[in-house]
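This report describes selected local features of one protein chain. The sequence and the structure are shown first, and the description follows.

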Amino acid sequence: MSAFDLVVHGGVVVAGEAVVQADIGVAAGRIAALAERIEGGDRRIDASGRIVLPGGIETHCHIAQESGAGVMTADDYDTGSAAALAGGHTCIVPFAAQRRGERLADVMARYRRRASVSRLDHSFHLILSDPNEAVVAELPEVFAAGVTSFKVFMTYEGVKVDDAQFLTVLQAARAHGAITMVHAESDAMIRAAQAALLAEGRTEPKWHAEARPPAAEAEAIARAIRLAAFAGAPLFVVHVSTEEGAALVAAAAAAGAAVWGETCTQYLVLTADDLDRPGMEGAKYVCAPPLRNRATQAALWRHITAGTFVCVTSDHAPYRFDETGKFHAGRDIPFTAIANGLPGIGLRLPILFSEGVAAGRIGLADFARLTAGGPARLFGIERKGAIAPGMDADLAIWDPEAAQVVPPGGWHDAMDYTPYEGMRLTGWPETVIARGRVAFDGGRVVARPGDGRFVARAPFGGPRTPVP
Ligand SMILES: [Zn+2]
């Protein structure tokens, strides 16, 4: 028997800032060696002509979760993790969402049950919609179980918190060593804009973008940053979609505040024009914050290359183009009643690779940081996110030359459409190895439901390398 269960040889390996020709030896699910040449191995995978990246870690995705309006995502942990795998991921961190009035023990039990069919290692961020005293008293237990990030919404009926509740969460997070994630859009501005548009009979999907203007995001991000500073608590701004929002995050970080942010794939390649398609086709592009314009895409890319964002995520929120999803409230509905969210977990990495690496905007080390290393360090996933001895053997072997046009329909998920249909993408994952086992290969998902394990995460600021 060899010292290694598996050797991946001949590939170009992205190991931190280094991009080197190297072999990787795997033993007992961990990376045991990284060297110019490794002989032996019970199994050998030839990666010549390929790039070996750390498996992607998707820290913003909605799987087996009800929206604020009560609509269940099309993907459960079986299909959601399959789609993630096919897109080069080895770990996902979806949300466990508290219903108002619900005990956290019940929330966690419900999501652990739902996640039992995950093919991939996973953790949860805890959405708090009702942070009352009893709920705050339950936090230490959630914390001890390794759920070390909370999320709050500043808008959305049913889940939104007011500033006082937001402060309560920030203070609790600070006390326990958690980081608070925030969906930052001004609820008051959005409601006023929506009411004005509907009163004028402007109900088509294209008005969705107008009802959630850049100013609504900027106002809420600025307020969130000030509330976090007041509480002395770290803050993570999810799905930054505007130049103003990105500039606020960058300025806060430059001033030394514990503020980080992300943007999402859709804001880099789609625009509000996509909402203005015939009939209700635009509903396929309804997400919040809404899609913006080309100038914003360019600004967000500038912030990516400048290092403003910890990660680029998909905000996978899969609602089918039918009565179970987008049209849960009927077909003849104003834009305000369309389910918010786009699918995209399976295409997040191919889009970022094609538009980022292949297009020459970012390097391979940046790609690995934005898709795996950054989120792993920020969210306390200690044994994942990098190719180095001692880490989980979570690897994605990419063919950088493979080119493919995204077909209509789902992408290994439970969806009936993809907003990225027709995009020609260069660079695709070919083989994905999760904890040393081949989990996806040659277009086929090999990992089975239940193969994934729950990952207990370290507290924020715990023992890990500093956030880049
Ligand atoms: Zn989201």
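In which segment does Gly452 lie? This residue is found in the segment after strand S18, which covers 444-445.

## Confidence of the model

The structure is a predicted model. The chain has a mean pLDDT of 96, and 98% of its residues reach 70 or more. Over residues 462-468, however, the pLDDT is below 50. Beyond near neighbours in sequence, the stretch 462-468 has 14 contacts in the model.

## The surroundings of Gly452

Is Gly452 buried or exposed? Gly452 counts as buried because it has 26 C-beta neighbours inside 10 Å, where 20 or more are required.

When neighbours within four places in sequence are left aside, the contacts of Gly452 are Ser81, Ser118, Arg119, Leu120, Asp121 and His122. Of these contacts, Ser81 is separated from Gly452 by 371 residues in sequence, while their C-alpha atoms are 8.9 Å apart in space.

## Helix H12

Helix H12 comprises 15 residues, 364-378. From the first C-alpha to the last, H12 reaches 20 Å, which is close to the 21 Å expected at 1.5 Å a residue. The helix nevertheless contains a kink of about 50°, centred on Leu370.

H12 is mostly covered, with 14 of its 15 residues buried. Just after the helix, Gly380 adopts a positive phi of about 70°.

Conventions
Residues are numbered from 1 along each chain as its sequence is written. This is a predicted model: local features need pLDDT of at least 70, side-chain atom pairs count only at pLDDT 80 or more; totals for chains, interfaces and linings use all residues. pLDDT is the predictor's confidence in each residue, from 0 to 100. Two residues are in contact if their C-beta atoms, placed from the backbone, lie within 7 Å. Helices (H or I, at least four residues) and strands (E, at least two) are DSSP runs, numbered from the N terminus. The expected span of a helix is 1.5 Å times one less than its number of residues. The bend at a residue is the angle between axes fitted to the seven residues ending there and the seven starting there. A residue is buried if 20 or more other C-beta atoms lie within 10 Å of its own, exposed if 12 or fewer, and partly exposed in between; C-beta atoms are placed from the backbone.
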